[in-house]
Amino acid sequence: MMIDKVAKLTIDDKPSIDLPIHEATYGPELIDVAALGKHNFFTYDPGFISTASCKSAITYIDGDKGILLHRGYPIDQLAKKTDFLTTAYLLLKGELPNSTQQQDFKKTITSHVSPPAIIEQTLQGFAKGAHPMAMLISLLGALAGYYHPIKIRDAAERKQAIEQLIGYMPTLVAMTYQHYLGNKINTPREGLDYASQFMYLLFDDTRANNPTLNKAIDRILILHADHEQNASTSTVRLAGSTLANPYACIAAGTAALWGTAHGGANEAVIKMLTEIKDEKNIEEYIARAKDPNSNFRLMGFGHRVYKNYDPRATVMKQTCDEVLNELGTPDDPLFRIAMQLEKIALEDEYFIQRKLYPNVDFYSGIILRAIGIPTALFTSIFALARTVGWLAQWSEMLDDNDFKIGRPRQWYTGPTERDI
Ligand code: SDX
């Protein structure tokens, strides 16, 4: 909201430039620098440390207090009192559904459980053991080819694309899992809820009927659903700002999520904990993480916004306890190493000074691994959940009065003009 406050930018003896200031519901006031270009100045902020790329009403993170709100509701309440599709409805529509709306939404989403048969042929282009994220990106691309063109300004067509993408994702991820293992995918079973159907498509055995495990998967999906303008969401917004096919935009977001600095960290955490192997090796890894000459980082630690405990990690750790007790492995060695690693790191000046805490990825992998999901599939499960947030943010962008194609400027450091 524009308030009658301006920032006055004075440079040399030039007349000062008035920059309007906007007030947010929560968070810092915002200096609107759009007019600077007219005064022949750009701003420079690599990584967008202090730059808001858009307005949004979907999610708010208070990094200092470790608070995460979805449409005003705290994440721990959503994780404990709702399920993933209820949270998805909230993210997409702005309010929690009443019982009829919830029933209709769930029925619609779970009806889109089988993507077009032709999509499976895309998998044949991948060798067994290819990374599931590479396959997922291609399956989404194949769906963009199948559903094109989509009139994204038409409410009905946009709604259909959103519902199909959310509905198809568990099956797409399960297809990549089965192809990764060289198996055939199970045929979806009627009448299962979203998380149970996903578990059934992965394991058609007792695990799929275990309410504790299904609840844990559903909670993991809630915890990963949306998170303001993180790298992959910003990628979806930028791709969407060119009016690209929504399936292609989600493929772009999936590609951005894959990096170990972002959604790929959950897979990297398990690799790191497995490599540490024994609590007696923890100090060595902490030393490596602190060594300015080493590019080793403690996977699952640190965050661009959270300078306090990631509230999702708190819920994830509790869920870890529940799952390991349910599976009869309360002393899972990786869980023990993770808790000891957290304890030591949080007492160490290096981590305290830099406000590095466990993030959402630190405990999630231990749960998924305990259930029997291969580490290679972890980030795909993150993408499955984040598809809801990506779509909510993409749709919000298209409806924003300030909508325009994203086209950042640059600090040119190349050669001056010259002849060949
Ligand atoms: C996700 O943005 C989101 O919201 C993402 C996410 C979401 O839901 O979408 O929350 C999901 O991506 C969680 C983050 C998962 N990534 C990891 O766990 C990988 C390990 N973490 C780091 O790579 C790092 O903390 C980042 C990438 C997450 C954040 O990096 P920043 O904000 O750019 O911080 P930085 O690199 O400038 O680090 C500041 C200092 C540096 O030390 P100094 O140069 O000041 O001496 O902290 C150090 C860094 O070396 N540091 C770490 C560290 N993270 C930062 N040192 C050791 N181990 C770490 N993990």
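Strand 4 and strand 5 form a hairpin with four residues between the strands. Within this hairpin, Gly66 takes a positive phi near 65 degrees. The model is predicted. Strand 4 covers residues 59-62, and strand 5 covers residues 67-70. The two run antiparallel, and four bridges join them. One pairing is easy to find: Thr59 has His70 of strand 5 as its bridge partner.

Follow the chain onward from strand 5. A second hairpin comes up, formed by strand 5 and strand 6. Here two residues lie between the strands. Arg71 sits in the turn and has a positive phi of about 50 degrees. Strand 6 takes in residues 73-74. Strand 5 and strand 6 also run antiparallel, with two bridges between them. Leu69 has Pro74 in strand 6 as its bridge partner. Strand 5 thus pairs with strand 4 and with strand 6. In a regular strand, side chains alternate between the two faces of the sheet.

Now turn to the ligand. How many residues surround the ligand? The count is 23. The closest are His227, Gly300, His303, Arg312 and Arg386. By type, the shell around the ligand holds nine nonpolar, eight polar and six charged residues.

Some contacts can be followed atom by atom. A polar backbone atom of Ala261 lies 3.0 Å from a nitrogen atom of the ligand. Phe301 also offers a polar backbone atom, 2.8 Å from a ligand nitrogen. His303 uses its side chain instead: an N or O atom there is 2.6 Å from an oxygen atom of the ligand. What share of the ligand's exposed area does the protein bury? Taken alone, the ligand exposes 1000 Å², and the protein buries 74% of that.

The last stop is empty space. Rolling a probe the size of a water molecule over the atoms shows where such space is left. Across the whole structure, a search finds one cavity of 30 Å³ or more. The largest cavity has a volume of about 60 Å³. Which residues line the largest cavity? They are Ile109, Thr110, Val113, Gly167, Pro170, Leu192, Asp193, Tyr194 and Gln197. Three elements give two or more residues each to this lining: helix 3 (99-111), helix 6 (155-181) and helix 7 (194-202). The lining divides into five nonpolar residues, three polar and one charged.

Terms used:
Residues numbered from 1 in each chain as written. Predicted model: local features only at pLDDT ≥ 70, side-chain atom pairs only at ≥ 80, totals over all residues. Heavy atoms only, no water. Near = heavy atom within 4 Å. Polar contact = N/O pair within 3.5 Å; in protein donor to acceptor, adjacent residues only side chain to side chain. Areas by Shrake-Rupley, 256 points an atom, 1.4 Å probe, with all protein chains shown as cover. Nonpolar A, V, L, I, M, F, W, Y, C, P; charged D, E, K, R; others polar. 1 Å grid on protein atoms, 1.4 Å probe; cavity = no way out; pocket = protein on both sides within 12 Å on 5 of 7 lines; lining within 4 Å. Points joined across faces, edges and corners; volume = space filled by probe spheres on them. Pairing = 2+ DSSP bridges.
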